[in-house]
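Open the model in your viewer and keep the selection tool at hand. The tour moves from side chain to side chain, then out to the strands.

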Amino acid sequence: MVRTVLIFLSLCSPALAHDPSRPELNEWFNRLASHKGLCCSFADGFAVSDVDWESKDGHYRVRLEGRWIDVPDDAVITEPNRAGRTMVWPYTADRGTDHPSTEIRCFMPGSMG
């Protein structure tokens with residue numbers, strides 16, 4: 001499990017949500033929330049390439065760690081995307097099992113263009 005987390009963090013770190021070249025967005029990112037709560041409260045977000053997310057029948061899904069994960073409707077951020085790129089805030093939920101799962105706390109669609 002530790003190895004999976006380290007691999008995931010190494011893949012995410014180049015594209016963290018808080019772009020240092022855009023400090024004017026820091027406050028916005030800090031208060032960004034879905035119906036599941038604050039996005040940055042315990043999960044770091046990162047940018048997602050256009051090929052790694054899609055919308056179908058009014059619902060989103062995102063490819064993380066090589067597999068598609070459905071985005072819960074209450075995780076979708078509905079305010080305008082000031083960052084301009086698709087963002088996701090995943091976290092690992094172990095729920096007391098031997099098989100932790102990746103879940104989505106927040107998802108902010110981009111322009112897909």
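Select R63 first. In this predicted model, R63 has a relative accessible area of 30%, so it is partly exposed. Now add D52. The two form a salt bridge, with 2.8 Å between the closest N and O atoms. Look at where each partner sits. D52 is in the loop between strand 3 and strand 4 (53–56), while R63 is in strand 5, so the contact ties together parts 11 residues apart in sequence.

How many salt bridges does the structure hold? There are two. For the other, select R61 and E54. Their closest N and O atoms are 2.4 Å apart. R61 has 29% relative accessibility and therefore counts as partly exposed. E54 has a relative accessible area of 26%, so E54 is partly exposed as well.

Keep R61 on screen and add W68. The charged end of R61 sits over the W68 ring. The distance to the ring centre is 4.2 Å. R61 thus appears in two contacts here: the salt bridge with E54 and the placement over W68.

Next, the aromatic side chains. Four aromatic pairs are counted. Select Y60 and F107. Their ring centres lie 5.1 Å apart and their planes meet at 45 degrees; the range from 30 to 60 degrees counts as tilted, so this pair is tilted. Which strands hold the two rings? Y60 belongs to strand 5 (residues 59–64) and F107 to strand 8, so the pair ties together parts 47 residues apart in sequence. Add W53 to the selection. W53, Y60 and F107 make up one aromatic cluster. Is F107 buried or exposed? Its relative accessibility is 0%, so F107 counts as buried.

Stay in strand 8 and pick C106. Which residue does C106 join through a disulfide? The partner is C39, with an S to S distance of 2.1 Å. C39 lies in the loop between strand 2 (37–38) and strand 3, and C106 in strand 8. The link spans distant parts of the chain, 67 residues apart. Check the torsion about the S-S bond: at -100 degrees, the link of C39 and C106 is left-handed. Both C39 and C106 are buried. The structure holds one disulfide.

Switch to a cartoon view for the sheet. Three strands form an open sheet in the order 3-7-8, with antiparallel pairing. Strands 3 and 8 are the edges, each pairing on one side only.

Select strand 7, residues 87–93. Six of its seven residues are buried, so the strand is mostly covered. On one side, strand 3 (residues 46–47) pairs with strand 7 in the antiparallel sense over two bridges. Here F46 stands opposite V88. On the other side, seven bridges join strand 7 to strand 8 (residues 101–108), again antiparallel. Find Y91 in this pairing: Y91 stands opposite E103 of strand 8.

Finish on V88. Which residue is its bridge partner in strand 8? The partner is F107, the residue already met in the cluster with W53 and Y60. With F46 opposite V88 as well, one selection of F46, V88 and F107 takes you across the sheet in its order 3-7-8.

Notes: Residues are numbered from 1 along each chain as its sequence is written. This is a predicted model: local features need pLDDT of at least 70, side-chain atom pairs count only at pLDDT 80 or more; totals for chains, interfaces and linings use all residues. Side-chain values use heavy atoms; hydrogens and water are left out. Buried means under 20% relative accessible area, exposed over 50%, partly exposed in between (1.4 Å probe, protein chains only). Helices (H or I, at least four residues) and strands (E, at least two) are DSSP runs, numbered from the N terminus. Two strands pair if DSSP finds at least two bridges between them. Rings of Phe, Tyr and Trp (its six-membered ring) pair if their centres lie within 6.5 Å; planes under 30 degrees apart count as stacked, over 60 as edge-to-face and the rest as tilted. A charge sits over a ring if NZ of Lys or CZ of Arg is within 6 Å of the ring centre and within 35 degrees of the ring normal. A disulfide is a pair of cysteine sulfur atoms within 2.5 Å. A salt bridge is a side-chain nitrogen of Lys or Arg within 4 Å of a carboxyl oxygen of Asp or Glu.
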